[in-house]
Amino acid sequence: MALRKENILLVDDDIDILELLQRHLQSMDYHIFKAVSVKQALYILKDTFIDLLITDIQMPEVDGLQLVRFADEHYPDIPKLVITGYPSVSGALEVFKSGATDYLTKPFTKEELKQAVDKSLKSKIRKDVPKTITIPHKGKGYSEMIGSSPAFQKITDIIDRVKDNKATVLIKGESGTGKELVARAIHYSGTFSRASFVAVNCGAIPENLLEAELFGYTKGAFTGANENRNGFFQAAEGGTLFLDEIGTAPLSVQAKLLRAIQEKEITKIGSRKVEKVDIRIIAATNSNLQEAIAQNEFREDLYYRLTVVEINVPPLRDRKQDIPLLVEKFVQKYGIEYRDKLMGIAPDALNILQRYHWPGNIRELENLIQRAVIMSDGMIQVKDLPDHLKFQIDFPTTEFLPLREMEKEYAKKVLASVNGNKTKAAEILQIDRKTLRDKLK
């Protein structure tokens, strides 16, 4: 019997097989999740902590081996046990090449199932794959940080050092770079992962309410306070409180935050009772806090309390080596979600994505891939990308052309992209046909 209830995900389009497996495994004290398709399985993988994946091979639309390959790439630490009714040497090799830990041949006994499950759960997969941190998403599910660039590796190295202690961390980076993912990785990959992760966007809460939301209040403390209420500090007890956009917090709240960090205690609004709190604080900002300090908009003592450990998350344009991995992840994610199949991207389309400067960072990339999956006929092609990406011009690195020459080159590129259709090219360029003809002469 297992020491704890491991979560096992069963995937099979045969309801009778699913129910049989569920009965057997529940009698062994495992907790079971069921999916009748690969698409449903991916939703469960994203939103649930899974200890073992068990899947059939033969399923409609997307087969089990494709699911194993996807899980091997995105959830490498989850063992994968494949069930097959068609045993062969070549088939077994294909199963293991896909990333499976083991396979079980139908029909099998309850004892054979138990032995295969025990073996898979004890296995530890160590593969030469880009370093991936699998972390719960929105407090219950799972998402990923993925990359292989030196900039990404530097972040994961710091995470490895701080995940098992409660040192205060400040995460800096532009909007859309994944600062909250870093905070979740710190929490969920460490010793305190069983406790709460509470995320608070300080910029989204009105200034006059932020103190009440953070520290709680007593009944009658102010108009509308009709009951005693705990704040986010109490909700995160034993775990992590993530304060996003910390630079927007008013000075009055900053003073109470400083005391909470220094003394590990808080006081609710309307109360004189001091309450001890045991939490880790992780803060994040996309603004320059040192400039805010110079303008007396942010407390210098709080800044130094927050920066016991500092993590700088680089913009996507500075970690372009990670773009192919991120694109693959999003293409597979939205391919399953919108098209019920695993999709790909053409090399020339990927090349365009790698040349783009990504002002919106990873958030912009994910939104763009989501749109491209919807617009594509299968494989994502250049035509499925937005116009502002398709018509990028590579500026020479050693010399610059006059503006007139650049306009001409750009007009020619747009015209070529629409197979010489001057009307369409003029629409894209937002000029009339006569102006286009003049530029092309």
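How many of the 10 residues of helix 7 (residues 179-188) are buried? In this predicted model, for which local features require pLDDT of at least 70 and side-chain atom pairs pLDDT 80 or more, totals for chains, interfaces and linings use all residues. Residues are numbered from 1 along each chain as its sequence is written, and side-chain values use heavy atoms, with hydrogens and water left out.

Of the 10 residues of helix 7, 8 are buried, so this helix is largely enclosed by the rest of the structure. Here, buried denotes under 20% relative accessible area, exposed over 50%, and partly exposed the range in between (1.4 Å probe, protein chains only). Helices (H or I, at least four residues) and strands (E, at least two) are DSSP runs numbered from the N terminus. The buried residues of helix 7 are Lys 179, Val 182, Ala 183, Arg 184, Ala 185, Ile 186, His 187 and Tyr 188. Helix 3 (residues 64-74) is likewise largely enclosed by the rest of the structure, because 8 of its 11 residues are buried. In helix 3, the buried positions are Gly 64, Leu 65, Leu 67, Val 68, Phe 70, Ala 71, Asp 72 and His 74.

Asp 72 of this buried set also forms a salt bridge with Lys 80, with 3.7 Å between the closest N and O atoms. Both Asp 72 and Lys 80 are buried. A salt bridge is defined as a side-chain nitrogen of Lys or Arg within 4 Å of a carboxyl oxygen of Asp or Glu. In total, the structure holds 17 salt bridges. Side chains of opposite charge can pair when their charged atoms come close. Another pair is formed by Arg 299 and Asp 301, whose side chains meet at 2.9 Å, N to O. Arg 299 is partly exposed, with a relative accessible area of 28%, and Asp 301 is also partly exposed, at 34%. Elsewhere, Arg 259, Glu 265 and Lys 276 are joined into one network by salt bridges that share partners. Within this network, the side chains of Arg 259 and Glu 265 meet at an N to O distance of 2.5 Å. Arg 259 counts as partly exposed because its relative accessibility is 43%, whereas Glu 265, at 13%, counts as buried.

The largest nonpolar core comprises 31 residues, of which Phe 233, Leu 243 and Ile 246 touch the most other members. Such a core is a set of buried Ala, Val, Leu, Ile, Met, Phe, Trp, Tyr and Cys residues joined through side-chain atoms within 4.5 Å. Two or more residues are given to this core by each of strand 9 (197-201), helix 8 (207-215), strand 10, helix 10, strand 13 (280-285), helix 11 and helix 12. Helix 10 gives the most, with 5 residues. In soluble globular proteins, nonpolar side chains tend to be buried together.

Three surface patches were also identified. Patches consist of residues with over 30% relative accessible area and no salt bridge, like charges being joined within 9 Å and nonpolar side chains (Val, Leu, Ile, Met, Phe, Trp, Tyr) within 5 Å. Accessible areas come from the Shrake-Rupley method with a 1.4 Å probe. Lys and Arg count as positive and Asp and Glu as negative, while His and the chain ends are not counted; each charge is placed at NZ of Lys, CZ of Arg, CG of Asp or CD of Glu. A patch of negative charge gathers Asp 13, Asp 14, Asp 16 and Glu 19. Asp 14, in the loop between strand 1 (7-11) and helix 1 (15-27), is partly exposed at 33% relative accessibility. A patch of positive charge is made by Lys 422, Arg 433, Arg 437 and Lys 441. Lys 422 belongs to helix 18 (residues 422-429) and is partly exposed at 31%. Tyr 338, Ile 374 and Met 375 form a nonpolar surface patch of about 290 Å². Tyr 338 is situated in helix 13 (residues 323-339) and is partly exposed at 35%.

Backbone geometry was examined at two loop positions. Most residues other than glycine have a negative phi. Glu 245, which is not a glycine, has a positive phi of about 50°. Glu 245 occupies the loop between strand 10 (240-244) and helix 10 (251-263) and is partly exposed at 28% relative accessibility. Asn 296 likewise has a positive phi, near 60°. Asn 296 lies in the loop between helix 11 (289-294) and helix 12 (300-306) and is exposed, with a relative accessible area of 62%.
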